[in-house]
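Let's take a walk through a protein together, one stop after another. Keep the sequence and the 3D view open as you read.

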Amino acid sequence: MTKMGIRDIIDELAAEGSITRRQVARLLKEYGAKDREYLARKAREVREKWYGKDVYIRGLIEFTSYCRNDCYYCGLRRSNEKAERYRLSGRDILGCCREGYALGFRTFVLQGGEDPFFDRDALSRLISSIKRNHPDCAVTLSFGEHPKEAYKEWFDAGADRYLLRHETANETHYRFLHPEWQKLQDRKKCLWNLKEIGYQVGSGFMVGSPGQNINCLIDDLEFLEGLQPEMVGIGPFIPHRDTPFAGENHGSSELTLVLLSIIRLMFPRVLLPATTALATISEDGRERGLLAGANVVMPNLSPASVRGKYRLYDNKICTGEEAAEAVASLKKRLARAGFGVVVDRGDFKRN
């Protein structure tokens with residue numbers, strides 16, 4: 001039997017939506033520049049079948065930099081005494097939504113560390129206010145691990161989507177990245193709870209994080225295949241100077257792009273961001289992400305006074321075209337790459 005070439009593996013992935021662990025390993029180890037271009041072209045074809053050349057914008061509101069967790073890779077980890085902590089008030093957050101709505105945003109993403117200050121009731125009231133003010137908009141939460149009852153209350157208050165990146169599905173790798181008391185099984189359970197409640201669920205992982213190998217990446221893809229999320233967020237690992245991984249190298253933008261294309265082919269209808277992290281390590285990272293199959297960008301709606309304080313990693317983009325005020329410039333830049341930003345909630349296409 002003739003051994004499959006890399007193009008054959010890509011064609012099988014495009015046709016079937018899945019390939020074996022061995023084939024994924026070969027693809028990640030052996031692809032060349034022309035294979036990468038072919039993979040990206042296949043991913044674009046699938047993305048355009050479902051979403052055309054539309055790009056959905058999400059208004060990111062980083063509402064608290066406090067966090068009870070101590071993830072070794074994150075600049076907001078509770079042990080980082082140098083982190084600048086802040087909390088936005090409800091009035092601040094509603095003001096961000098109001099300004100974002102005027103700019104054309106129809107999804108607001110409330111992202112923060114796991115800050116106990118924002119308890120179940122406080123967040124429910126905030127969600128209800130946003131939905132009352134902007135009933136044609138979607139509310140996405142990115143607020144970490146919580147009891148199922150809290151997720152249900154927020155869903156009932158009007159939250160539509162929930163982002164919770166699993167970061168790694170490999171137990172050994174997870175232990176390398178987190179203190180003992182943080183459990184991978186708990187994180188996975190939260191994702192299944194969110195699916196059961198009815199959220200559009202997003203998960204994902206870092207590319208090139210310390211201790212990661214190809215088997216870890218394959219475990220990530222297999223976990224996502226079982227979860228069948230509506231959104232997947234991946235981006236290169238970027239170190240933060242005040243964490244235990246300060247001296248590590250950042251992840252590869254090229255490998256991130258390859259994985260974006262693989263994910264698009266595995267999940268044809270998925271909402272897939274070209275992340276800020278990718279744009280941070282590569283000036284044209286956002287455009288390259290879209291050319292690899294992504295269809296979402298997330299400009300920052302947070303007040304300018306706090307953008308520099310929400311530092312998950314070093315050198316994070318928080319001004320210029322990454323900021324929401326420059327949406328017109330962003331539209332022009334993406335138009336030059338062949339994409340159109342649309343005023344739309346940008347929901348997952350179920351059929």
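## A walk from loops to helices and back

Our first stop is F237, which sits in the loop between β7 and α10. Keep in mind as you look around that this is a predicted model. Is F237 buried or exposed? Its relative accessibility is 2%, and the cut-off for buried is under 20%, so F237 counts as buried. Setting aside residues up to four places away in sequence, F237 touches Y73, then a run made up of M206, V207, G208, S209 and P210, and also F245, E248, N249, H250 and G251. K82 makes a useful landmark here: 155 residues separate F237 from K82 along the chain, and their C-alpha atoms are separated by 20 Å.

The next residue to visit is I238, also found in the loop between β7 and α10. With a relative accessible area of 8%, I238 is buried. Which residues does I238 touch, not counting those up to four places away in sequence? They are H250, A277, T280, I281, Y313 and D314. Look at I281 in particular: I238 and I281 are 43 residues apart in sequence, and in space their C-alpha atoms are 8.2 Å apart.

Now move on to V270, in the loop between α10 (253-266) and α11 (276-281). V270 has a relative accessible area of 1%, so it is buried. If we leave aside neighbours within four places in sequence, V270 is in contact with Y51, with P229, E230, M231 and V232, with I263 and R264, and with N295 and F348. G208, which we met as a contact of F237, lies 62 residues from V270 in sequence and 22 Å away in space, C-alpha to C-alpha.

Let's turn to the nonpolar interior. How many residues are in the largest nonpolar core? There are 92, and L141, W154, Y199, L259 and I262 touch the most other members. Helix α10 gives the most to this core, with nine residues. Apart from this core lies another one, of ten residues, including Y51, L60, V109 and L163. You may recognise Y51 as one of the contacts of V270. Back in the largest core, zoom in on Y199: beyond its neighbours within four places in sequence, Y199 is in contact with L141, Y151, W154, F155, A159, D160, R161, Y162, L194 and E230.

Helices come next. Two packed helices are described by the angle between their axes and the distance between the axes. Try this with α8 (residues 184-197) and α9 (residues 214-227), which pack at an angle of about 25 degrees with their axes 11 Å apart. Angles under 35 degrees count as roughly parallel, which makes α8 roughly parallel to α9. The crossing of α8 past α9 is right-handed. On the α8 side, K188, L191, W192 and K195 meet F223, G226 and L227 from α9. The residues of this contact divide into four nonpolar, one polar and two charged.

Helix α8 also packs with α6 (residues 148-157), at an angle of about 35 degrees and with their axes 10 Å apart. The crossing of α6 and α8 is right-handed. Here K148, Y151, K152 and F155 of α6 meet C190, N193, L194, E196 and I197 of α8. Five nonpolar, one polar and three charged residues make up this contact. Among these residues, Y151, F155 and L194 are also contacts of Y199.

Two backbone details deserve a pause. Most residues other than glycine have a negative phi, and most peptide bonds are trans. Yet E167, which is not a glycine, has a positive phi of about 70 degrees. E167 is in the loop between β5 (161-163) and α7 (171-177), and at 8% relative accessibility it counts as buried. Q228 is another residue other than glycine with a positive phi, near 55 degrees. Q228 belongs to the loop between α9 and β7 (231-236). Its relative accessible area is 41%, so Q228 is partly exposed.

Our last stop is N315, in the loop between α13 (304-307) and α14 (327-336). Is N315 buried or exposed? Its relative accessible area is 66%, and exposed means over 50%, so N315 is exposed. Finally, find S209, a contact of F237 from our first stop: N315 and S209 are 106 residues apart in sequence and 17 Å apart in space, C-alpha to C-alpha.

Notes:
Residues are numbered from 1 along each chain as its sequence is written. This is a predicted model: local features need pLDDT of at least 70, side-chain atom pairs count only at pLDDT 80 or more; totals for chains, interfaces and linings use all residues. Side-chain values use heavy atoms; hydrogens and water are left out. Helices (H or I, at least four residues) and strands (E, at least two) are DSSP runs, numbered from the N terminus. Buried means under 20% relative accessible area, exposed over 50%, partly exposed in between (1.4 Å probe, protein chains only). Contact means heavy atoms within 4.5 Å. A nonpolar core is a set of buried Ala, Val, Leu, Ile, Met, Phe, Trp, Tyr and Cys residues joined through side-chain atoms within 4.5 Å. Axes are lines fitted to C-alpha atoms, for helices over the stretch in contact, and angles run from 0 to 180 degrees between N-to-C directions. Angles under 35 degrees count as roughly parallel, over 145 as roughly antiparallel, 65 to 115 as roughly perpendicular and the rest as oblique. A crossing is left-handed if the near helix is turned anticlockwise from the far one by less than a right angle, and right-handed if clockwise. Ala, Val, Leu, Ile, Met, Phe, Trp, Tyr, Cys and Pro count as nonpolar, Asp, Glu, Lys and Arg as charged, and the others, Gly among them, as polar.
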